[in-house]
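Morning, everyone. I have one structure to walk through today. Let me put it on the screen.

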Amino acid sequence: KSNLSRTVLFQKSDIGKNKAEIAAKRTKELSLYDNTNIDWFHGDLVWDLGSGIYGEMDIVLGCLDNTEARFAVNRFCHLTGTPWIDAGIYALTGSVSVYSSKPQSPCYECGATKEQMISKRKRYSCDDFKRSMFKDGIMPTVQITSSIVSAIQVQEAIKILCGQEASTNKKIYFEGKTNYLDVIPLTYRQDCYAHAVYP
């Protein structure tokens with residue numbers, strides 16, 4: 001229940017229910033078309049979801065809460081040539097990174113820090129994380145931050161799907177405390193493991 005408030009898709013009555021199933025159901029209800037096809041998957045995307053699914057997609061939107069999942073999505077999207085847009089939020093800060101499907105383009109792993117490499121196996125409870133933020137005097141993420149970040153994410157996705165110029169290979173950074181917005185270029189790293197080609 002700790003992160004259901006971050007999206008308009010969930011209600012109080014959904015506590016204890018399958019998030020993926022409820023999100024698909026509510027998205028279908030919001031659709032203007034009767035024949036909208038929305039599938040859902042409940043499982044571990046690192047170990048239970050294969051590259052075939054990613055290959056069928058036009059674009060992937062990532063709303064993930066751990067580094068391990070981001071590494072997995074990054075590698076599957078790079079392998080299948082599927083563009084993906086990663087979004088992240090922390091307190092009043094959010095970022096959106098737009099990764100191209102082109103082979104020599106920067107990916108999530110290209111810009112990974114040493115700390116991210118270490119933490120990619122770490123998972124945390126959202127409730128425990130929220131409590132630790134309160135204890136440290138940090139305001140936890142609010143619906144407004146997630147709404148701003150998701151709006152930017154969807155805007156970039158629509159641009160890509162409609163053949164328009166998007167902020168590809170860039171990170172859009174938003175700081176809600178001061179309303180600061182910046183666009184940072186992402187750098188391609190030649191020795192990135194995600195780009196490795198094996199005979």
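I will go from the overall fold to the sheet, then to the salt bridges and one cysteine.

First, a caution: this is a predicted model. The mean pLDDT of the protein chain is 86, and 87% of the residues score at least 70. Where is confidence lowest, and where is it highest? It is lowest in helix H5, residues 126-135, with a mean of 60. It is highest in strand E4, at 96. Where pLDDT is low, the predicted coordinates should not be read in detail. Please keep that in mind when you look at H5, with its mean of 60.

Now the overall fold. The chain has six helices and five strands. Along the sequence the pattern runs α-α-β-α-β-β-α-α-α-β-β. There are 199 residues, and 36% of them count as buried. Take the contacts with a separation of 6 or more: 59% of them join residues 24 or more positions apart. The accessible surface is about 12800 Å², and carbon and sulfur atoms hold 55% of it.

Next, the sheet. Five strands make an open sheet, ordered E1-E2-E3-E4-E5, with mixed pairing. E1, residues 60-62, and E5, residues 180-185, are the edge strands; each has a single partner, so one side of each has no neighbour in the sheet. From one strand to the next, the twist averages 15 degrees.

Look at E1 and E2. E2 covers residues 84-90, and the two strands pair in the parallel sense over three bridges. Gly62 has Asp86 in E2 as its bridge partner. Two helices pack on this sheet. Helix H3, residues 67-80, touches E1 and E2, and its direction makes about 165 degrees with that of E2. Helix H6, residues 143-161, touches E1, E2, E3 and E4, and makes about 170 degrees with E2.

On to charges. How many salt bridges are there? The count is six. I will show three of them.

Stay with Asp86. Its partner is Arg70, with the closest N and O atoms 2.9 Å apart. This pair links distant parts of the chain: Asp86 in E2 and Arg70 in H3, 16 residues apart. Are these two buried or exposed? Asp86 has a relative accessible area of 7%, so it is buried. Arg70 is at 11%, so it counts as buried too.

Second pair: Arg26 and Asp14, with a closest N to O distance of 2.6 Å. Arg26 sits in helix H1, residues 19-30, and Asp14 in the segment before H1, so the bridge ties together parts twelve residues apart in sequence. Arg26 is buried, at 12%. Asp14 is buried as well, at 3%. Glu29 joins in: Asp14, Arg26 and Glu29 form a network of salt bridges.

Third pair: Glu156 and Lys159, 2.8 Å from N to O. Both lie in H6, three residues apart, about one turn of the helix. Glu156 is buried at 1%. Lys159, at 24%, counts as partly exposed, because buried means under 20%.

Last stop, Cys110. It lies in the loop between E3 and helix H4. At 7% relative accessibility, Cys110 is buried. What does Cys110 contact beyond its neighbours within four places in sequence? The partners are Thr187, Tyr188, Arg189, Cys192 and His195. Ala194 is 84 residues away from Cys110 in sequence, yet the C-alpha to C-alpha distance is 7.9 Å.

That is the tour. Questions, please.

Conventions:
Residues are numbered from 1 along each chain as its sequence is written. This is a predicted model: local features need pLDDT of at least 70, side-chain atom pairs count only at pLDDT 80 or more; totals for chains, interfaces and linings use all residues. Side-chain values use heavy atoms; hydrogens and water are left out. Two strands pair if DSSP finds at least two bridges between them. Helices (H or I, at least four residues) and strands (E, at least two) are DSSP runs, numbered from the N terminus. Axes are lines fitted to C-alpha atoms, for helices over the stretch in contact, and angles run from 0 to 180 degrees between N-to-C directions. Contact means heavy atoms within 4.5 Å. Buried means under 20% relative accessible area, exposed over 50%, partly exposed in between (1.4 Å probe, protein chains only). Accessible areas come from the Shrake-Rupley method with a 1.4 Å probe; for residues, only the protein chains shown count as cover. pLDDT is the predictor's confidence in each residue, from 0 to 100. A salt bridge is a side-chain nitrogen of Lys or Arg within 4 Å of a carboxyl oxygen of Asp or Glu.
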